[in-house]
Amino acid sequence: NSIDDPFFSEILFGIEDAAQQAGYSLFIAASQYDPIREQNIVQTMMEQRTDGVIICSSSFSADKGRQLLANGFPVVVVNYKANENFNYSIYHDDVDGSRQLTRHLLDLGHTKIAYLGNSKSGRTTLDRLNGFKQEMQKAGLEVQPDYLYEVQGSEPNLGMLSLSYFLNLPNQPTAIMCFNDTIAIGLVHACHQQGISVPENLSITGFDNITFSAFTCPPLTTLDQPKYS
């Protein structure tokens, strides 16, 4: 992934601290979602005989992971949500987290709740979507198909651009659950530009509790993932 992703940067702090305490130095490389760069990183790790590899990506290709394993490298994956399974994998219960956010909005009285996802995140967005659907079903509420919308990534500008979709719906939602905080921050910003008051006119939630989520106006409602731990 990208090193400037605030979610993964907090995970990286935890990895670095634990590695140093154990007497290891950390070699950091970012694929930037580029398969050629990803292959070069794997090749460099193999040539340097790295002691172990921690993959912090939801989209790292399975064949590159198998290549590392086949060459005897210990591999741990973090937040890896493709269909390939690794023996050592750490990730958050996104279904339960999404259910908690949905319940929070339901308790506030919302019934017209939309979900803004990230189509590039694989099982992560599916888990969060499923948690949303499960909690809505438990409340006896139907999820309208046009309330489910996905963008191609999780950058703030994509959250901004998505507002026009929801505003053009004939029956607009009163709350939008976002895939993560960065999308939600962009959506909140777009609302301010359009004169839409958050949360008076529209409630917005994120997911991850990155540092920046406390500095939106108002502070973003989000779910805290134990990123450093």
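## Close-up views of salt bridges and nonpolar cores

**View 1. Lys227 and Glu10 are joined through their side chains in a salt bridge, with 3.9 Å from N to O.** The model shown here and in the views that follow is a predicted one. Because Lys227 lies in the segment after strand S7 (203–205) while Glu10 belongs to helix H1 (residues 6–21), the pair ties together parts that are 217 residues apart in sequence. Lys227 itself counts as buried, with a relative accessibility of 8%. The structure holds 7 salt bridges, and further examples appear in the next two views.

**View 2. A salt bridge links Glu135 with Arg99, their closest N and O atoms lying 2.7 Å apart.** Glu135 is part of helix H5 (residues 123–138) and Arg99 is part of helix H4 (residues 94–107), so this pair ties together parts that are 36 residues apart in sequence. The two partners differ in their surroundings: Glu135 is buried, at a relative accessible area of 5%, whereas Arg99, at 23% relative accessibility, counts as partly exposed.

**View 3. Within helix H4, Asp107 and Arg103 are 4 residues apart, a separation of about one helical turn.** Their side chains meet in a salt bridge, at 3.3 Å from N to O. Asp107 is exposed, with a relative accessible area of 56%, while Arg103 counts as partly exposed at 28% relative accessibility. Through salt bridges that share partners, Arg99, Arg103, Asp107 and Glu135 are joined into one network, which brings together the residues of this view and those of the view before it.

**View 4. The largest nonpolar core has 35 residues, of which Ile113, Leu116, Phe132, Ile176, Cys178 and Ile204 touch the most other members.** At least two residues of this core come from each of H4, strand S4 (113–118), H5, helix H6 (156–167), strand S6 (175–178) and helix H7 (181–194). Among these contributors, H7 gives the most, with 6 residues.

**View 5. Cys178 is one of the residues that touch the most other members of the largest nonpolar core, and this view turns to its contacts.** When its neighbours within four places in sequence are left aside, Cys178 is in contact with Leu116, Ile183, Ala184, Leu187, Ile204, Thr205, Gly206 and Phe207. Apart from the largest core lies another one, of 13 residues, and its members include Phe73, Val75, Val77 and Phe86.

Terms used: Residues are numbered from 1 along each chain as its sequence is written. This is a predicted model: local features need pLDDT of at least 70, side-chain atom pairs count only at pLDDT 80 or more; totals for chains, interfaces and linings use all residues. Side-chain values use heavy atoms; hydrogens and water are left out. A salt bridge is a side-chain nitrogen of Lys or Arg within 4 Å of a carboxyl oxygen of Asp or Glu. Buried means under 20% relative accessible area, exposed over 50%, partly exposed in between (1.4 Å probe, protein chains only). A nonpolar core is a set of buried Ala, Val, Leu, Ile, Met, Phe, Trp, Tyr and Cys residues joined through side-chain atoms within 4.5 Å. Contact means heavy atoms within 4.5 Å.
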